[in-house]
Amino acid sequence: MKEHPTPEQVVFVIDDDASVRDSLKNLLESVGLHAELFDSAQAFMQFRPPEVPSCLILDVRLPGLTGLEFQNELLKRGVSLPIIFITGHGDIPMSVRAIKLGAVEFLTKPFRDQDLLEAVRVGLDRDRARRKEIKTVAVLRARYELLTTREKEVIGFVVAGLANKQIAAKMGISNATAKVHRANIMRKMQAHSLAELLRMADALGAAREICDRP
């Protein structure tokens with residue numbers, strides 16, 4: 001059996017109306033987007049999505065878990081999937097709740113094709129940025145773990161804004177040793193400037209974590 005190549009990006013559609021699913025699939029494919037269709041939230045949960053930028057078009061009224069309940073379930077599971085809600089029975093409180101929980105858009109049927117496609121574009125861009133950030137942080141975390149215990153202590157003082165002389169006094173080491181530690185940190189973290197090192201620390205969450213260290 002021939003395997004299909006993994007798409008560069010994918011839009012998931014969950015709607016219990018087959019005609020709506022097919023219509024959305026045709027619309028998405030007309031602009032070159034790959035679509036995966038599901039008739040329920042439960043069916044989607046049994047599917048293993050590809051690790052590519054994705055978003056979800058989700059009907060509010062579904063059998064079993066409703067769209068809003070499914071949004072809550074995804075949040076509980078730590079699944080950060082941008083959601084575009086579609087509904088024929090929406091109201092303002094419902095839409096406000098969905099948007100507050102992170103939905104990209106809440107569209108009431110009948111909606112303009114262009115409005116849906118624009119929401120999908122925003123959702124895909126958001127997920128692409130999220131995935132890029134995760135990869136960046138993973139690389140930085142791997143570099144951070146190359147630091148010795150002493151160097152991790154020093155980077156905390158650097159992030160806090162201390163100069164080498166102050167770091168040396170805090171740690172009870174010579175100014176020359178503090179400079180060596182700082183140079184090693186810059187090399188291992190592959191930072192070309194203090195500003196870049198601070199951005200790295202911020203991306204890692206290390207600024208808060210390290211500065212709170214006694």
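How many nonpolar, polar and charged residues does the lining of the second largest pocket have, by class? The count comes out at eight nonpolar, three polar and three charged. Everything here rests on a predicted model, and the pockets are picked up again below, once the overall layout is in place.

Starting with the chain as a whole, there are 10 helices and five strands. The C-alpha trace spans about 75 × 45 × 30 Å along its principal axes. The radius of gyration is 24 Å, whereas a compact globule of 214 residues would sit near 17 Å. Buried residues account for 40% of the 214 residues. As for contacts with a separation of 6 or more, 63% of them link residues 24 or more positions apart.

Strand 3 gives a handy look at the interior, by way of Ile-57, which is found there. With a relative accessibility of 0%, Ile-57 falls under the 20% cut-off and so counts as buried. What does Ile-57 touch, leaving aside its neighbours within four places in sequence? Its contacts include Val-11, Phe-12, Val-13 and Ile-14, then Leu-24 and Leu-28, and further along the chain Ile-84, Ile-86, Leu-116 and Val-120. Asp-22 is 35 residues from Ile-57 in sequence, and the two C-alpha atoms are 13 Å apart in space.

Phe-12, one of those contacts of Ile-57, leads straight into the aromatic side chains. The model has seven aromatic pairs. One of them joins Phe-12 and Phe-47: the ring centres are 6.0 Å apart and the planes meet at 70 degrees, so the pair is edge-to-face. Phe-12 belongs to strand 1 (residues 10-14) and Phe-47 to the loop between helix 2 and strand 3 (54-59), so this pair ties together parts that are 35 residues apart in sequence. Are the two partners buried or exposed? Phe-12 is buried, at 1% relative accessibility, while Phe-47 counts as partly exposed at 27%. Phe-85 and Phe-106 make another aromatic pair, this one tilted, with 5.8 Å from centre to centre and 40 degrees between the planes. Since Phe-85 lies in strand 4 (residues 83-87) and Phe-106 in strand 5 (residues 105-108), the pair ties together parts 21 residues apart in sequence. Phe-85 is buried, with a relative accessible area of 0%, and Phe-106 is buried as well, at 10%. Beyond individual pairs, Phe-12, Phe-38, Phe-44, Phe-47 and Phe-70 form one aromatic cluster.

Phe-44, a member of that cluster, also turns up in the pocket analysis. The largest pocket has a volume of about 290 Å³. Its lining consists of 16 residues, and those closest to the centre are Phe-44, Pro-49, Val-79, Leu-81 and Arg-131. Helix 2 (41-45) and helix 5 (113-144) each supply at least two of the lining residues. By class, the lining of the largest pocket splits into nine nonpolar, three polar and four charged residues.

The second largest pocket, where this passage began, holds about 180 Å³ of space. It is lined by 14 residues, with Leu-75, Ser-80, Leu-81, Pro-82 and Gly-102 nearest its centre. Helix 3 (67-76) and helix 5 are the elements giving two or more residues to this lining. Leu-81 is thus named among the central residues of the largest pocket and of the second largest pocket.

Helix 6 (residues 149-159) is mostly covered, with eight of its 11 residues buried. Which residues of helix 6 are buried? They are Glu-151, Lys-152, Val-154, Ile-155, Gly-156, Phe-157, Val-158 and Val-159. Just after helix 6, Gly-161 takes a positive phi of about 95 degrees.

Two more backbone details are worth a look. The peptide bond joining Lys-109 and Pro-110 is cis, with omega at about -5 degrees, and Pro-110 is found in the loop between strand 5 and helix 5. Gln-190 has a positive phi of about 60 degrees although it is not a glycine. Gln-190 lies in the loop between helix 8 (175-189) and helix 9 (194-204). Its relative accessible area of 45% makes Gln-190 partly exposed.

Key. Residues numbered from 1 in each chain as written. Predicted model: local features only at pLDDT ≥ 70, side-chain atom pairs only at ≥ 80, totals over all residues. Heavy atoms only, no water. 1 Å grid on protein atoms, 1.4 Å probe; cavity = no way out; pocket = protein on both sides within 12 Å on 5 of 7 lines; lining within 4 Å. Points joined across faces, edges and corners; volume = space filled by probe spheres on them. Helix = DSSP H or I, 4+ residues; strand = E, 2+ residues; numbered from the N terminus. Nonpolar A, V, L, I, M, F, W, Y, C, P; charged D, E, K, R; others polar. Buried < 20%, exposed > 50% of the residue type's maximum accessible area, 1.4 Å probe, protein only. Phe/Tyr/Trp six-rings, centres within 6.5 Å; stacked < 30°, edge-to-face > 60°. Rg over C-alpha atoms; globule rule 2.2 N^0.38 Å. Contact = heavy atoms within 4.5 Å.
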